Amino acid sequence: MIANITCSDMHTGGEPVRIVTSGYPDIPGDTILDKRIYARNHLDHLRKMLIYEPRGHADMYGVLLVKPDHVDADIAVLFMHNEGYSTMCGHAIIALGRFAIDQRLVPIVEPETLIKIQCPCGLINTYVSVVNGKPSEVRFTSVPAFAYIVEKPIMTDSFGLVNVDIAYGGAFYAVTTTNELGLCINSSKTQNLVDAATDISAAVRTQVSLEHPEQPDLGFLYGTIFTDGKDTFSSQPTKNICIFANSQVDRSPTGSGVTARIALQHKKGQISIGQSRVFQSVTGSTFSGKAISQTSCGALKAVIVEVSGKSYYTSRSHFTLEKEDEMGRGFLLR
């Protein structure tokens with residue numbers, strides 16, 4: 001065998017999370033961003049083995065636990081998807097909160113345990129509700145989230161000029177409404193949305209220069225979010241779908257995407273500090289989120305956002321790769 005890896009699989013709002021529990025090589029690096037670069041440059045064959053077929057699929061998501069370099073962190077993680085390694089993942093953070101309690105990675109405190117999770121985007125404070133030693137709902141507070149560009153016209157191949165907002169919630173997203181494109185958020189017709197998002201993401205990447213105010217490695221577009229346009233504060237859920245990385249569809253409402261949406265809503269005066277919204281994904285699953293305080297990121301005004309949801313176990317797996325198995329190294333079909 002040339003690989004022998006065990007994982008715990010979970011889902012948050014329908015979005016998979018494959019957490020590596022053993023068998024992965026140590027990942028060197030002085031900082032978590034150094035570790036992300038090392039994994040990308042030297043261990044990417046293992047990402048493909050775990051994320052791609054025949055063990056995964058084009059929309060699989062994975063997590064690597066690594067040694068923290070932040071003095072306050074309890075654990076540190078790298079995120080993996082079909083294209084590479086993301087900087088933030090809210091649905092994975094929610095799963096990791098429950099996983100950390102179940103695996104006793106941190107001391108358990110009832111009724112709520114604080115877990116400080118270091119991600120490539122920064123330190124995420126994660127709060128897990130615990131009753132009789134059992135975790136349930138998880139909430140986390142974001143890194144500073146901000147509106148980067150509001151109502152930017154982008155020339156696309158398929159739709160002509162499209163107005164998009166660009167916001168950061170641990171990763172950069174282009175955000176627009178399906179009304180702008182004559183589409184609707186429908187679980188039975190996601191391919192139309194995937195094609196449109198791929199077009200918009202490609203256009204933004206060529207027409208907009210993204211720079212994170214404090215960390216150059218974070219200055220790239222992660223994906224496109226389509227919303228139902230219901231951004232003004234309401235007790236009713238607002239729908240969205242996130243298409244990220246290599247046309248990967250998030251089944252959950254997207255934790256970092258919800259964070260970015262709230263930052264935009266606050267910037268536009270559509271939501272106030274402390275007002276909680278419910279965000280619904282294409283599968284019908286929901287996260288709740290709210291801006292809890294104002295802050296800054298470099299010279300930009302920002303907010304800290306709290307997002308909450310639940311995660312569930314689906315399997316525990318033991319993956320192997322035999323030396324002669326070329327297809328077992330990973331492939332993708334769509």
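These legends describe close-up views of a predicted model.

**View 1. Tyr61 and Phe79 form a tilted ring pair.**
The model holds eight aromatic pairs. In one of them, the ring centres of Tyr61 and Phe79 lie 6.5 Å apart. Their planes meet at 50°, so the pair counts as tilted. Tyr61 sits in the loop between helix 2 (44–51) and strand 3 (62–66). Phe79 belongs to strand 4 (residues 75–80). The two residues are 18 residues apart, and their pair links distant parts of the chain. Tyr61 and Phe79 are both buried.

**View 2. Tyr148 and Phe172 meet edge-to-face.**
The centres of these two rings are 5.3 Å apart. The planes of Tyr148 and Phe172 stand at 75°, so this pair is edge-to-face. Tyr148 is part of strand 8 (residues 146–156), and Phe172 is part of strand 10 (residues 172–177). The pair therefore ties together parts that are 24 residues apart in sequence. Is each ring residue buried or partly exposed? Tyr148 is partly exposed, at 24% relative accessible area. Phe172 is buried, at 0%.

**View 3. Five aromatic residues make up a cluster.**
Ring pairs join Tyr61, Phe79, Tyr173, Tyr222 and Phe244. Tyr61 and Phe79 are the tilted pair of View 1.

**View 4. Arginine charges sit over tyrosine rings.**
The charged end of Arg139 is placed over the ring of Tyr127. Its distance from the ring centre is 4.3 Å. Arg316 lies over the face of Tyr313. Here the distance to the ring centre is 4.9 Å.

**View 5. Cys119 and Cys121 are not bonded to each other.**
A disulfide is a covalent bond between the sulfur atoms of two cysteines. The model has zero disulfides. Why does Cys119 not bond to Cys121? The sulfur of Cys119 has its closest cysteine sulfur in Cys121, at 5.1 Å, which is too far for a bond. The cut-off is 2.5 Å. For Cys121, the closest cysteine sulfur is in turn that of Cys119. Cys119 is buried, at 1% relative accessibility. Cys121 is buried too, with a relative accessible area of 12%.

**View 6. Strand 8 and strand 9 form a hairpin.**
Three residues lie between the two strands. Strand 8 and strand 9 (residues 160–168) run antiparallel. Eight bridges join them. Thr156 stands opposite Gly160 of strand 9. Strand 8 also carries Tyr148, from the ring pair of View 2.

**View 7. Thr254 is buried in a loop before helix 5.**
The loop runs between strand 13 (248–249) and helix 5 (255–267). Thr254 has a relative accessible area of 4%, so it counts as buried. Which residues does Thr254 touch, leaving aside those up to four places away in sequence? They are Tyr173, Cys242 and Phe287. Tyr173 is also a member of the aromatic cluster in View 3.

**View 8. Helix 5 is largely enclosed by the rest of the structure.**
Of its 13 residues, 11 are buried. The buried residues include Gly255, Val258, Arg261, Ile262 and Leu264. At 1.5 Å a residue, helix 5 should span 18 Å. Its end C-alpha atoms are 18 Å apart, which agrees. Just after helix 5, Gly269 takes a positive phi of about 75°.

Methods: Residues are numbered from 1 along each chain as its sequence is written. This is a predicted model: local features need pLDDT of at least 70, side-chain atom pairs count only at pLDDT 80 or more; totals for chains, interfaces and linings use all residues. Side-chain values use heavy atoms; hydrogens and water are left out. Rings of Phe, Tyr and Trp (its six-membered ring) pair if their centres lie within 6.5 Å; planes under 30 degrees apart count as stacked, over 60 as edge-to-face and the rest as tilted. Helices (H or I, at least four residues) and strands (E, at least two) are DSSP runs, numbered from the N terminus. Buried means under 20% relative accessible area, exposed over 50%, partly exposed in between (1.4 Å probe, protein chains only). A charge sits over a ring if NZ of Lys or CZ of Arg is within 6 Å of the ring centre and within 35 degrees of the ring normal. Two strands pair if DSSP finds at least two bridges between them. Contact means heavy atoms within 4.5 Å. The expected span of a helix is 1.5 Å times one less than its number of residues.
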